Amino acid sequence: MSDHAGDRVAIDALTELRGALAAHGITLPSLDLHLPSYAARHPAPPLITLGNCNPAAARALAEALNRASGR
């Protein structure tokens, strides 16, 4: 891990999102920290890359979000 000021915030958010997706059987293979964010010279946490997924994962994600919103 680097000494970037926002590492812990970004890693915690990434871990929480990965766990929430897994609870719905969803895996985003590219889900990770956005490495180019580390080139920035400001204290904001690194971005999180949601990345690409196949149509089945996109559909599962949409279904989970729709259920959560009551749609």
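Glycine 51 is partly exposed, its relative accessible area being 42%. This residue belongs to the loop between β2 and α2 of a model that is predicted. The briefing below covers that loop, the two helices, the one salt bridge and the largest pocket, which has a volume of about 150 Å³.

**Loop between β2 and α2**

- Glycine 51 lies in the loop that connects β2 (48-49) with α2 (55-69), and its C-alpha atom is separated by 20 Å from that of alanine 40, 11 residues apart along the chain.
- The relative accessible area of glycine 51 is 42%, and the residue counts as partly exposed because this value falls between the limits of 20% and 50%.

**Helix α2 and its ends**

- Helix α2 has 15 residues, for which a rise of 1.5 Å a residue predicts a span of 21 Å; the end C-alpha atoms are 21 Å apart, in agreement with that expectation.
- The N-terminal end of α2 is capped by asparagine 54, which places a side-chain oxygen 3.1 Å from the backbone nitrogen of alanine 56.
- After α2 comes glycine 70, with a positive phi near 80°.
- Proline 55 is part of helix α2, and it counts as exposed at 62% relative accessibility.
- Between the C-alpha atoms of proline 55 and proline 36 the separation is 27 Å, with the two residues 19 apart along the chain.

**Helix α1 and the salt bridge**

- By the criterion applied, the model contains one salt bridge.
- This salt bridge joins arginine 8 to aspartate 12, with 2.9 Å between the closest N and O atoms.
- Side chains of opposite charge can pair when their charged atoms come close.
- Both partners, arginine 8 and aspartate 12, belong to helix α1 (residues 7-23), where they are four residues apart, or about one turn of the helix.
- An α-helix has 3.6 residues a turn, so residues three or four places apart point the same way.
- Arginine 8 is partly exposed, with 43% relative accessibility, and aspartate 12 is also partly exposed, with 41%.
- Valine 9 is in helix α1 as well; its relative accessibility is 52%, so it counts as exposed, the limit being over 50%.
- From valine 9 to asparagine 52 the C-alpha distance is 23 Å, and the sequence separation is 43 residues.

**Loop between β1 and β2**

- Serine 37 is located in the loop between β1 (32-33) and β2 (48-49).
- With a relative accessible area of 12%, serine 37 is buried, because the value is under 20%.
- The side chain of serine 37 makes a polar contact of 2.7 Å with the side chain of histidine 34.
- A polar atom of the serine 37 side chain also lies 3.0 Å from the backbone nitrogen of leucine 47.

**The largest pocket**

- Rolling a probe the size of a water molecule over the atoms shows where empty space is left.
- The largest pocket has a volume of about 150 Å³, and its lining consists of Leu17, Ala20, Leu21, His24, Ile26, Leu28, Leu61, Ala64, Leu65 and Ala68.
- Helices α1 and α2 each contribute at least two lining residues, and α2 gives the most, with four.
- Sorted by class, the lining of this pocket has nine nonpolar residues, one polar residue and no charged residues.
- Ile26, one of the lining residues, is found in the loop between α1 and β1.
- Isoleucine 26 has a relative accessibility of 4% and therefore counts as buried, the limit being under 20%.
- The C-alpha atom of isoleucine 26 is separated by 9.6 Å from that of arginine 59, although the two residues are 33 apart along the chain.

Key. Residues numbered from 1 in each chain as written. Predicted model: local features only at pLDDT ≥ 70, side-chain atom pairs only at ≥ 80, totals over all residues. Heavy atoms only, no water. Salt bridge = Lys/Arg side-chain N within 4 Å of Asp/Glu carboxyl O. Buried < 20%, exposed > 50% of the residue type's maximum accessible area, 1.4 Å probe, protein only. 1 Å grid on protein atoms, 1.4 Å probe; cavity = no way out; pocket = protein on both sides within 12 Å on 5 of 7 lines; lining within 4 Å. Points joined across faces, edges and corners; volume = space filled by probe spheres on them. Nonpolar A, V, L, I, M, F, W, Y, C, P; charged D, E, K, R; others polar. Polar contact = N/O pair within 3.5 Å; in protein donor to acceptor, adjacent residues only side chain to side chain. Expected span 1.5 Å × (residues − 1).
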